[in-house]
Structure formats: C-alpha cells, structure tokens
Amino acid sequence: MKGIILLIASCMLLYWCGDENLHAQTRKEKKKVVRKQAEELLIKERQVAEERAALKELYWCLDGDNWTNNNNWLSDKPVEDWAGVKRNYDTGKLSIYLASNGLKGNLPTGIFNLKTVEVLNLCHNNITGNIPPSVGKCLSLTQLSLNHNRLTGNIPNEIVNLTGLTSLDLSNNQLSGNLPDRLGNLNKLQYLRIENNKLSGVIPESIGNLTNLECLQASDNLLTGKLPDRLGLLENLRIIHMVNNRLEGPLPPEWSKATKLTSIILSNNRISGEIPTSLGNAKELYELILFNNRLTGGIPGELFLLPQLRYLSLSENELTGTLPPEIGKAVGLTSIQFADNRLSGELPEELWELVSLKDIYLEKNRISGKLSENIGKLYNLETLYLNGNNFSGKLPNAIGELHKLTFADLSFNRFSGAIPKEIGKLTDIVHLSLGTNQLSGNIPASIGKLQKLRFLSLRNNRLSGEIPAEIGQLENLTRLFLDENNLTGGIPSAFGKLKNLNALELTDNRLTGNIPNELTEMEMLEYLSLGNNLLTGTLPDSIGKLKQLKTLNVNTNKMSGELPPSIGELEKLEWLILLNNQFNGEIPEEIGNLQELKGLTLTNNKFSLFPEAIGQLTALESLHAANAFAGGHLPANIGNLKKLTLALLGQNNLGGEIPTGIGELNKLERLALEKNQLSGTIPAEIGNLRDLTILALGENQLTGSIPREIGNLNRLTILDLDRNKLTGEIPAELGELRRLNRLYLGYNQLEGIIPPEIGNLQDIRQLWLAYNQLSGALPAELGQLTQMTWFDASHNNLSGKLPPELGNLRNVQTLILAENKFTGSIPSEWESMENITKIILSNNELRGETPNFLFYLPQLVQLTLLYNHLEFTPEQKELDRQGNKYFLLPQKTEKEK
C-alpha cells in the first residue's frame, strides 16, 4: 500500500507544479496510467500474499522445521530469498527446488492453486499420501518432479490439464491404478518418467499424440496390454524403457519415423510375435534390449545394418533359425546376447569379422557345427558363453589368441579331441568351463599359466592321465572341478599351494594313492569331494586344519584305518560322507564336537561299536549308517537329535532296547533299524513321531505287543515289523494309517483276528501277515483294498469261508492263503481278479467243485490247490503239473482227514 500512496502523491505534485495547459491535455491519460499501475500493484501484492501463504502451508505440511535447509522460510524477506525458491524476473514465475531436503508428510493443495509456479521439484524426500487433484490447476507448470518419494494412490486425471508441461517425473513412488486416458493432452511433454511404481492397466492410445516426447521411462510397474502402435511413429522419441511389466502382444509394426531412437529396453515382459524389420529405420539406435519375452521367428538381418548399434540383447525368447549373414555388417557391435532361444544351424563366418565384440552370449540354443579357427580375430572379446548347444569337433587352437578373454563357458556341448595347449595363452581369463563334453587326452600343463583363473571346470569329459601338478600354481583359483573323467595317478601334493581354493571336486575318476597331507594346507577349503575313486590309506591326521570345511566326501574308495581324532576340529563341517570304504575301529568321541553337522553317512564300513557321541550332534538331520558297525546300542541321549529327519541304521548288530527318547525326534521322517539284535518292547513313545513315513524294525528280537500308539502315525507309508517275536493282537488302530501302502507283520507270534479296520487302508499295496497264530475268518472288509497287489496270510489258524468280496481286488497279483483252516468252496466272484498271477490255497479244508474260471485267468502263472478236498474234472486233472503252472493233486484222503 505504501507504494500506491507514493505514486498518487507524485502525480499530484506534478499536477500542481506543472504547466497548466499541458496538464489539461494529459490529465485523462495520466489518470488512466495511475489507475492501471495501481491495479497492477494491487494484483502483485495479492499474488505475493498468495505465494507466501501457499509456501507457508507447504512448510507446515511437510515438516519444514526439520528440513535440511530452511533458511529465510517464514521470514519477512521476499519469497525468492527463501531457500530453494527462485523467481524469473522477466516472467515473474517461481521455481521451487527442494530436492533431497528432508521433506516429510502429505502434499498440501495450496501450492497447486498458484498461477505463478513453473517448476516444482520435490524429489528424493519422504512425501507420502496422494497427489491432490488440485495439481490440475497449476497451469503454469512446465516441470513437475515428485520422484523418489512414497506417494500412493492414482495419478489424478486432472494432471492432463497441465498442457504446458515439458517434464513429468513421478518415478520411484508407490503409485497405483491406471494411467490417465487423456495423457495425450500433454502435447508439449518431452520427458515422462513413471518407473518403479505399481501402475497397472494398459498404456493409453493417446500417448501417440505426444509428438514432442523424447523420453518414456515406465519400467518396474504392472502395466499390461500391448504397446500402442503409434508409439513407433513419434519422431522425437529417443528412449523407451519399459522393463519388468506385463506387456504382451506384438511390438508396433511400423518404426519408419523413429529416426532419433537411441535406446529401446523392453525386457522382462510377455511381448510376443516377430521382431519388426522396420526397426532397421532407427538409424541412431544404440541399444536394443528385449530379453525375457516371448518373441518368435528369426532375428531380422536389418538390425545388423544399424550403424550405431552397440548392444543387442534378445536372450530368453523363442527365436528360431540361424544367425543371418548380415551380422558381419554390424562392425560397431560390442555385445550380442541371444542366449536361451531355439537358434540352430552353424555360426556364420561373418561373425568373426566383428572385431569390436566384447561379449558373446549364445548359451542354451541348438547351434551346431565346429568352432571356426577365425575366432582368433576377435581380439577384443572378453566374454564367451556357448554352453548348452550342439557344437562338435575340436576346440580351435586359435582360441589362445583371445588375450582379453576373462569368462569362457563352452560346457554341455559335444566338443572332442584334446584341450589345445594354446589355452595357456589366455592370461586374463578368470572363469573357464569346458565341462560335459567329449574331450579326451591329458590336461595340458600350460593351464598352470592362467594366473588370474578363479574357476576351472573340466568335469564330465573323457580326460585321462595324471592331474598336472602345474594346477597348483593357480594361486587365485577358488573352484576346481575335474570329476567324472578317467584321470589316474595320485592327487598332486602341489594342490596344497591353492590357498584360496574353496571347492575341490575329483569324484568319479580312477585316482589312487593316499590323500596327501598337503591338502590340509588349503585353509579356505569348504568343499572336498573325492568319492568314487581308488584311494587308499586313511584320512590325514591333520584333517582338522581345514577349519572352513563344510563338506567332506570320500565315498566308495578303498580307504581304511581309524578316523583321526582331529576330525572333531572341523567346527564348520556340515556333511561327512564316508560310505563304501573299509574304515574300522572306534569312531573317536571327538566327533561329538561337530555341532554344525547336518549329514553323516557311514554306510558299508567296518567300524566297531556305535558311538555314544552321535547323541551330541544336535544339528544332525540325516544319519546313514547301515552295515557300518559290528555292534553297540542306540545312545540313551538320542532324543537330543531334534532336527533328525532320516535315520537308516539297519544291519549293524545293534543290541539292547530302543530308547524311549526316540519319541522326542519330532521331525523324524524315516526310521530304519531292521536286521539288528534289538530286544525288548517297541516303546509307545514312537507314536509321537507324527512326521514318520517309514518305520522299519523287521528282523530283530523285539517282544511284546504292537503299541496302539502307532495308529497316530497318520503319514506312515511303510510299516515293517516282520521277523520279530511280537505277541498279542493286531491293534485295530492300524486302520487309521490311511496312507500306508506296505504292512509287514509276518514271522511273529501274533494272535487273534485280523481286525476289520484293516479294510480302511485304501492305499495299501502289500499286506504280509504270514507265519503268525492269527485266527478267525478273513474280514470281508479286505475286499475294499482295491489297490492291493500282494496279500499273504499263509501259515496261520484262519478259518471260515473265503470272502467273495476278495473278487473286488482287481489289482491283486499274488494271493497266498495256504496252511490255514479255510472251508467251503472257492468263490465264483474271484473271477474278477483279472491281474492275478499267483494263487496259493494249499493245505486248507476247501471243498466242492473247482471253478473252471481259475484256468482262464489271463495273467495267471501259478495255481496251487494241493491238500484240500476239492473236486476236479478230467480235463482239469490233465493240467496238473503242466508247465509248472498248475499244482492240483494230491488232495486230502479220508484217512488224512
């Protein structure tokens, strides 16, 4: 107001002091000027007041007191002196730059009501909530940057009213919903960045109206549908990045106007169809990255005529055909990535003319033929992945000319012949994999010159001869795989120099001799696998020096002797595999120190007594120790093994009782203690093992009854209690084991009836009840076991008639009911047992005519009806003993009765 008063006063002074005639002539004009200037000042004052109010609201709503820089905010100074606020004095417009300033909270509406803001940059803060619809009122905006915040909700439709926008950046938020349909209204827009949100729906067709658009970045969203066809016709477009969406359908067919395009990245979508040949019009294209889509057809030769093309990534699609010969024209190409497609045929000779190439990724295709000697021309090549193809022939000697090569994987092909000694020239190589080929001959000693090598795999070939000691010179080597070859001789003691090695795999060779003590100098070793060789001797006494070792595998060798006590010093050991050797003596009690041990495999050795210390291995998950010990007993503290899922301890001559603590192994899935000398009763606590699928206690000296608690094991598929001294009745609770498919109770002293609840075992395949003292009739419910293939209840005291319901057992192949007291006739309903191969009913009290259908069962190979009271027709009698198939006579005489 002071400015307005001064202006009026000066005009009055001029009036009184000036020339009266002049005043008369200009009075009206001056009044107009004064009025106009007064109005402009009033508008300006009101505008400044509105700006100040809106900025104050912005300050309070976004925690201004805690901003990194809030200098002069809320002061009486002009707003353009407030930190981050600038004014263009030519236009009077404000630019607000508060990026990375610690803003926190929800966006206020007032800032968008201003008509004087042309730039609003609030990126890299902690702004939350929605973008208010009032954003559409800020018509003077040319740049809006709200990226790298935590904004949520939809992009408001009102944003399309900002027709002056040249740059819109909403990337790296949590925005969701569809893009506004009328996005094309922003016809001055040059930069649109919305990547890394949760936006969904299709890209609106109106995006084709953005004729000034240069950059479209919409990666890492949930966008669907196809790319609008008009996108390829935007003449100013330079960048299209839409990685990690759910886009589908074909690419736009026409790119004739896309002459400024430099970068197309559309990887990790579901784009299908062929690659348009019209992309050959994008003469400025620098990179085309379309990997992990569903593209089909061939690779257009036109792509290789693009003069600026440097990166071409088409991996993980369904492309077919051969590489086009035009590839030789792409002289500037530095990286081709065509892995994991269905490309076939031989590599064109033109490929080797691309001397700028640094990367070749052709793995997991169907490419065949030989590798050309001209590969040596690619002197800039750093990465070569050809694994998983059908290449054949010898490795070219010229491969040694690739002096910059750092990564080479030629595994899973059919390369043959010797490894060329020239491979020793690859002095920069870090990773070399030639595994799973048909390479033969010796490993060249020149491989020891590859001083930068960290990974070497020659596994699964036909290599022979001794392992060259020169490999011990590769001081940077971390992983060495020479398994599945025909290598002979000893393990080089020079390997002890490989101080950085963490994995050594030599299994499945014909290596001989002892394990060198020098191997225990490899202080970083985590994985040592020497199985399936001809190694002798015992483990080195100094094995405990391998403090990082997690896996020790020496299975299937000829090793012997006692385990060294230092094995207990391998504090990080998780897997100890010693099966199929001749280790003997006592296992040292120090093994109980292996508190990280998850798997212990001792099967087929000659240890003396089962060690008590195993009960201390609280991390143990699997214990394979069948036929490993000469005796001993299960440790009383076996209940400590809370993580144990697998315990296979059969054929060890273990004695004593099964400890009740076994019921504490709540994760146990398989328990096999068969063929031991265990005695006493089966502990009822075994019913606590609710995850148990296999319980094998057969061929022991167990006594007492079968615990009813076994009926709690509702995941059990195999229950083997045969060949013990069990007594009492078969518990009806066994009928609760609905997943059981094998039940073996034979060769015991069980008595009583077969409980009808057994008929609930709908998955049972094999049921063995033979050689007991069972009595009573066969329950008709057995006819419900329609999956059963083998049923033996012979050598019992069963009586009564044979159930007709057994005719429902259409899958049964073996039926043995001999040596019982069954009476009556053979039921005619049994004719339905169409898959049966063996019926044995001898030594019963069966009577009546023998049904003729028995002689016409299509799969039958043995029918034994001896020693009953059955009657046969003359034709049937003629079949007796024919082809060792029918055993009918003699039957019981009256005297025998």
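**Figure 1. Leu 120 of strand S4 and its bridge partner Leu 144 in S6**. In this predicted model, strand S6 covers residues 143-145 and pairs with S4 in the parallel sense over three bridges. S4 also has a partner in strand S2 (residues 93-97), to which it is joined by four bridges, again with the strands running parallel. Here Ile 96 stands opposite Leu 120, while Leu 144 is the bridge partner of Leu 120 in S6. How many residues of strand S4 (residues 117-121) are buried? Five of the five are, so S4 is largely enclosed by the rest of the structure.

**Figure 2. Gln 217 in strand S12 and the residues it touches**. Gln 217 lies in strand S12, which spans residues 215-217. With a relative accessible area of 17%, Gln 217 is buried, because the cut-off for that label is under 20%. Which side chain makes a polar contact with the side chain of Gln 217? That of Arg 193 does, at 3.0 Å. If residues up to four places away in sequence are not counted, Gln 217 touches Leu 192, Arg 193, Ile 194 and Glu 195, along with Ile 239 and His 241.

**Figure 3. An open sheet of eight strands with parallel pairing**. Follow the strands across the sheet and the order reads S21-S23-S25-S27-S29-S31-S33-S35. Strand S21 (320-321) and strand S35 (486-488) are the edge strands, each pairing on one side only. For a closer look at one pairing, turn to strand S23 (residues 342-346) and strand S25 (residues 366-369): they run parallel and are joined by three bridges. Gly 345 has Ile 367 as its bridge partner in S25.

**Figure 4. Gly 400 in the loop between strands S27 and S28**. The loop that holds Gly 400 lies between strand S27 (390-394) and strand S28 (407-409). Is Gly 400 buried or exposed? Gly 400 is buried, with a relative accessible area of 0%. Leaving aside neighbours within four places in sequence, Gly 400 is in contact with Glu 422, Lys 425 and Leu 426. Thr 427 makes a handy reference point: from C-alpha to C-alpha, Gly 400 and Thr 427 are 9.3 Å apart in space, with their positions 27 residues apart in sequence.

**Figure 5. An open sheet of four strands, also with parallel pairing**. The strand order is S41-S43-S45-S47. At the edges are S41 and strand S47 (629-631), and each pairs on one side only. Strand S41 (residues 560-561) and strand S43 (residues 582-585) run parallel and are joined by two bridges; Gly 561 has Phe 583 as its bridge partner in S43. S43 also pairs with strand S45 (residues 606-609), over two bridges and in the parallel sense. Within that pairing, Lys 606 in S45 is the bridge partner of Asn 584.

**Figure 6. A cluster of aromatic rings that includes Trp 73 and Trp 82**. A search of the whole structure finds 16 aromatic pairs. One of these is formed by Trp 73 and Trp 82, a tilted pair with 5.1 Å from centre to centre and 45° between the planes. Both Trp 73 and Trp 82 are buried. Which residues do ring pairs link into a cluster with Trp 73 and Trp 82? They are Tyr 59, Trp 60 and Trp 67.

**Figure 7. The tilted pair of Trp 768 and Trp 790**. The ring centres of Trp 768 and Trp 790 are 6.3 Å apart and the planes meet at 50°, so the pair is tilted. Trp 768 lies in strand S56 (residues 766-768) and Trp 790 in strand S58 (residues 790-792), so the pair ties together parts that are 22 residues apart in sequence. Trp 768 is buried, at a relative accessible area of 11%, whereas Trp 790 counts as partly exposed, at 24% relative accessibility.

**Figure 8. Arg 723 over the ring of Tyr 747**. This last view shows a charge and a ring. The charged end of Arg 723 sits 4.1 Å from the centre of the Tyr 747 ring.

Definitions and conventions:
Residues are numbered from 1 along each chain as its sequence is written. This is a predicted model: local features need pLDDT of at least 70, side-chain atom pairs count only at pLDDT 80 or more; totals for chains, interfaces and linings use all residues. Side-chain values use heavy atoms; hydrogens and water are left out. Two strands pair if DSSP finds at least two bridges between them. Rings of Phe, Tyr and Trp (its six-membered ring) pair if their centres lie within 6.5 Å; planes under 30 degrees apart count as stacked, over 60 as edge-to-face and the rest as tilted. Buried means under 20% relative accessible area, exposed over 50%, partly exposed in between (1.4 Å probe, protein chains only). A charge sits over a ring if NZ of Lys or CZ of Arg is within 6 Å of the ring centre and within 35 degrees of the ring normal. Contact means heavy atoms within 4.5 Å. A polar contact is a pair of N or O atoms within 3.5 Å; within protein, one must be able to donate a hydrogen and the other to accept it, and residues adjacent in sequence count only if both atoms are side-chain atoms.
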